[in-house]
Amino acid sequence: MMNGMKQTPSGERIHIAFFGRRNVGKSSLMNAFTGQELSVVSATAGTTTDAVYKAMELLPLGPVVLIDTPGLDDTGELGEKRIGKARQVMRKTDIAIVVADGTVPFGEAEEELISEFERRQIPWLLVYNKEDLAERFPEDDKKDIPKELSKDDKADLAKRLSQNDKADLSERFQEDRKEDLSEKGRYAEKVLRVSARTGFHIHELKERVAALLPKEEEERPLIGDLLSTGDTMVLVVPIDKGAPKGRLILPQQQMIRGILEAGAFSLVCRDTELEETLRKLVSPPKLVITDSQVFDRVNRILPESVPLTSFSILMARYKGDLALLAAGAAAVEQLRHGDQVLICEGCTHHRQCEDIGTVKLPNLIRRYTKVEPDFLFTSGTEFPTDVSSYKMVVHCGGCMLNRREVMYRLNCCREQGVPVTNYGVLIAYLNGILERATRILEPFR
């Protein structure tokens, strides 16, 4: 547990992803960027068949997750699936590196990628790789003519090659590259030429990426804004079959860290010891934070004068949109037999016999509504882009996802008019205590 608490969680790291066509050197560039052989490199197009993730500390960036993606021009049935996986990565990307082949002109594929990142408001850089090859041109071998050229340009290039007019060709090709950039003048400050093979401009690339790091957004506090130095907090952590053996779950770790940083005191107890813990305190705690699964029991024990919330609700404020999630909980009132309800978890783990997502929540909803909805489940990176068939979506706290991914999922629901809530918010609503559980957090952020 202590080892885990010393590491920056993946969901708190900047996600930097490399995108581009096949065989432009994305994997080589990521290896050069990190100084490690993280991705398999080959001259064969399509070597990277699935996204490769690496969490690391990288100067001058700090804690990051680097992601190498399959080529977005892959072909065939499997190729389409690989492209889908690469596009999934965009949901969580904080900074995008568009990798292009520096030996061929700027193409439609790069243009489309850049347009997509601008639409998604993702900071990006256009990086021309293979700069060490930019001055070298093939001999009289038409198979090596860049595919991105027009038919006329290919014929002209083949003619020049056959005449062995390398000097003229080099001059013309370099001029074409300049025109590419001048035509895309608005990209001038976002272009860098590098060589993964020789290390040319790799340090500059790191500096340019560091400059794109999101500036401190409007402060999104987890717990610190609710505390003052010397305050006492009580954290209620039940130990049951679903609890991870020998460790605390990530939101509990993060809450303890936040309380320590505020100079406050945290008391951790099980729900079965809560009454005794409260009796031993000289004065009431500033706030009680509970696991949502024991919301009802803790609410009955705790005096109304003591503020109460849950780990999941605090995560909803920190990573998502608490107002949207609170409003979405009321959709449970409209459920009817056979209505589809999607329950999503951001991580993957072994399902326990009393798993909260697949067992406890469905049972709570059934008891409350007296109907039998059709429950469907997703976990990890799997989240449908089309949620329009669902009457409501219930998401976990999202502790393993970064904020961009959480907001992508919430916005999918918002834009398609589907109510969305999260585990803790819904459990508080079903127990009739949502107003109490969010009172201390108003106004919602």
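What follows is a short chat about a predicted model of one protein chain.

Me: Before anything else, what is the mean pLDDT of the chain, and how many of its residues reach 70 or more?
Reply: This is a predicted model, and the mean pLDDT of the protein chain is 83, with 78% of its residues reaching 70 or more.

Me: And where is pLDDT below 50?
Reply: One such stretch is residues 1–6, which has 6 contacts in the model beyond near neighbours in sequence. Over residues 159–179 the pLDDT also stays under 50, and for that stretch the model has 28 contacts beyond four places in sequence.

Me: OK, how many helices and strands are there?
Reply: The protein chain has 16 helices and 14 strands, and of its 445 residues 51% are buried. Among contacts with a separation of 6 or more, 74% are between residues 24 or more positions apart.

Me: What about the accessible surface?
Reply: The accessible surface of the chain comes to about 21,500 Å², and carbon and sulfur atoms account for 50% of that.

Me: Switching to helix α7, which of its residues are buried?
Reply: In α7, which covers residues 202–212, the buried residues are Ile 202, Leu 205, Lys 206, Val 209 and Ala 210. Seen down the helix axis, these buried residues fall within an arc of 135°, so they line one face of α7.

Me: Why would residues three or four places apart point the same way?
Reply: An α-helix has 3.6 residues a turn, so residues at that spacing point the same way.

Me: What do the buried residues of α7 pack against, and which residues are exposed on the other side?
Reply: The buried residues of α7 pack against strands β1 (14–20), β4 (95–101), β5 (124–129) and β6 (191–193), and also against helix α2 (26–34). On the other side of α7, the exposed residues are His 203 and Ala 211.

Me: Now the open sheet of 4 strands: what order do the strands have?
Reply: The order is β12-β11-β13-β14, and the pairing is parallel. Strands β12 (374–379) and β14 (420–422) stand at the edges with a single partner strand each, so one side of each has no neighbour in the sheet. From one strand to the next, the twist averages 20°.

Me: How many bridges join β13 to β14?
Reply: There are 3 bridges joining β13 (residues 392–395) to β14, and these two strands run parallel. Within this pairing, Val 393 has Val 420 of β14 as its bridge partner.

Me: And which strands does helix α15 lie across?
Reply: Helix α15 (residues 423–430) lies across β11 (340–345), β13 and β14, and α15 runs at about 90° to β14.

Key. Residues are numbered from 1 along each chain as its sequence is written. This is a predicted model: local features need pLDDT of at least 70, side-chain atom pairs count only at pLDDT 80 or more; totals for chains, interfaces and linings use all residues. Side-chain values use heavy atoms; hydrogens and water are left out. Two strands pair if DSSP finds at least two bridges between them. Axes are lines fitted to C-alpha atoms, for helices over the stretch in contact, and angles run from 0 to 180 degrees between N-to-C directions. Contact means heavy atoms within 4.5 Å. Buried means under 20% relative accessible area, exposed over 50%, partly exposed in between (1.4 Å probe, protein chains only). Accessible areas come from the Shrake-Rupley method with a 1.4 Å probe; for residues, only the protein chains shown count as cover. pLDDT is the predictor's confidence in each residue, from 0 to 100. The arc is that of the directions from the helix axis to the C-beta atoms.
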